[in-house]
Amino acid sequence: MAVYTEPSDDELAALLRGWGLEGLRNFKGIAEGVQNSNFLVEAHQGRFIMTIYEKSVALEDLPFYLGLTEQAANAGLPAARPIRTTDGLLTQMIRGKPTALCSFLDGVSTKRPPASHARAVGAALARLHQALSDFSGTRANDLGPRDWPSLWKGRSRQAEALEPGIAAAVDTDLALFRTDWPTDLPKGIIHADLFPDNVLFLGDEVSGLIDFYFACNDFLAYDVAVMLNAWCFEANGREFDLVKGRALISGYESVRPLSQAERDALPILARGAALRFFLTRLVDWMTPMDGALVRKKDPRDYAGRLAFHRAARSAADYGAP
Ligand SMILES: Nc1ncnc2c1ncn2[C@@H]1O[C@H](COP(=O)(O)OP(=O)(O)O)[C@@H](O)[C@H]1O
Ligand SMILES: N[C@@H](CCOP(=O)(O)O)C(=O)O
């Protein structure tokens, strides 16, 4: 999140009335994140997170995101429960933008998660996959391999300036994905962005899974691949931490074992996931966002990961037994 839209006092009062909240004690913008404007709301009824959906979230997808979060919470996962308005609606509008309120989750995200967290979050991901296995909503992955060439188009010069040598390597990656990307792996609802900043912990326990706004239907193992990138690299972004990789995969498999085909696909899925985040970060890096309180994420972190995946040969390189 970030803060792109600041409600006026009157707008805020109208929104709070809509949710039946009284006795506002605290209201403040939260600087973490990238996509939406998020605020902490403390009122007589308790603590909540209010999200104003900026243009990156399509209005028609909100029932999907909020519905799956509700289903995950109902299944006992620590997902933020959406709060309905006094009229029973999941969203209200402010300046033409939909706005939702959800329960506040205790806990903190860790910047340099230890292996114990990687194991716990691996298990939480598998439980999430199981809890959503019968979810009725669907949403295509609009940041999948078919979308990467258009994100890359016209950006090779900018990428070269940031990371010399990357342009030819990305061209090779894209050519490989065109022919070798898997077609027949188990699918389901995936989170698709379960980075350390989207998981809250109390001690070693996962206390919050947040930010489902990239969730979609795709290969379940792609979600594992996203997390191998996000949780298991050293701070230099180039060296893979096998202990964390082993912990994450064994945590996942303690709930849902990977098939042999999913294991075999891990290197290419991890390479694709790294390219996805390199490309979206590159696009954001090059896009001016005047006036917003937002911290951009560095695409170069993913250049190093890509180099590792290009050399990886099997799931064992990621810590799979
Ligand atoms: N339900 C919640 N409970 C507690 N904190 C939350 C909750 N939802 C979001 N946050 C806080 O807000 C920050 C940004 O939320 P996030 O959903 O990641 O925003 P964005 O979609 O814009 O990236 C998180 O890092 C976390 O600190
Ligand atoms: N996780 C993505 C960026 C998306 O930001 P989020 O705050 O919505 O998780 C990245 O690291 O590039």
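The lining of the largest cavity mixes three nonpolar, one polar and three charged residues. (Nonpolar means Ala, Val, Leu, Ile, Met, Phe, Trp, Tyr, Cys or Pro; charged means Asp, Glu, Lys or Arg; the others, Gly among them, are polar.) Bear in mind that this is a predicted model, where local features need pLDDT of at least 70, side-chain atom pairs count only at pLDDT 80 or more, and totals for chains, interfaces and linings use all residues. Residues are numbered from 1 along each chain as its sequence is written.

**The cavity**
- The structure holds one cavity of 30 Å³ or more; a cavity is a set of points on a 1 Å grid over the protein atoms alone where a 1.4 Å probe fits but cannot get out.
- Its volume comes to about 40 Å³, counted as the space filled by probe spheres set on the points.
- Lining it are R139, N141, D142, L143, A192, F214 and R276, where lining means having an atom within 4 Å of a point.

**Helix packing**
- Helix α6 (residues 166-180) packs on helix α10 (residues 300-311) at about 50°, and their axes lie 12 Å apart.
- That makes α6 oblique to α10 (angles under 35 degrees are roughly parallel, over 145 roughly antiparallel, 65 to 115 roughly perpendicular, the rest oblique).
- Helix α9 (residues 260-286) also packs with α10, at an angle of about 160° with axes 9 Å apart, so α9 and α10 are roughly antiparallel.

**Confidence**
- Mean pLDDT (the predictor's confidence in each residue, from 0 to 100) is 94 for the protein chain, and 97% of its residues reach 70 or more.
- The model scores ipTM 0.94 and pTM 0.93.

Note on methods:
Chains are lettered from A and ligands numbered from 1 in the order in which they are written. Side-chain values use heavy atoms; hydrogens and water are left out. On a 1 Å grid over the protein atoms alone, a cavity is a set of points where a 1.4 Å probe fits but cannot get out, and a pocket is an open set with protein on both sides within 12 Å along at least five of seven lines; lining residues have an atom within 4 Å of a point. Axes are lines fitted to C-alpha atoms, for helices over the stretch in contact, and angles run from 0 to 180 degrees between N-to-C directions. Helices (H or I, at least four residues) and strands (E, at least two) are DSSP runs, numbered from the N terminus.
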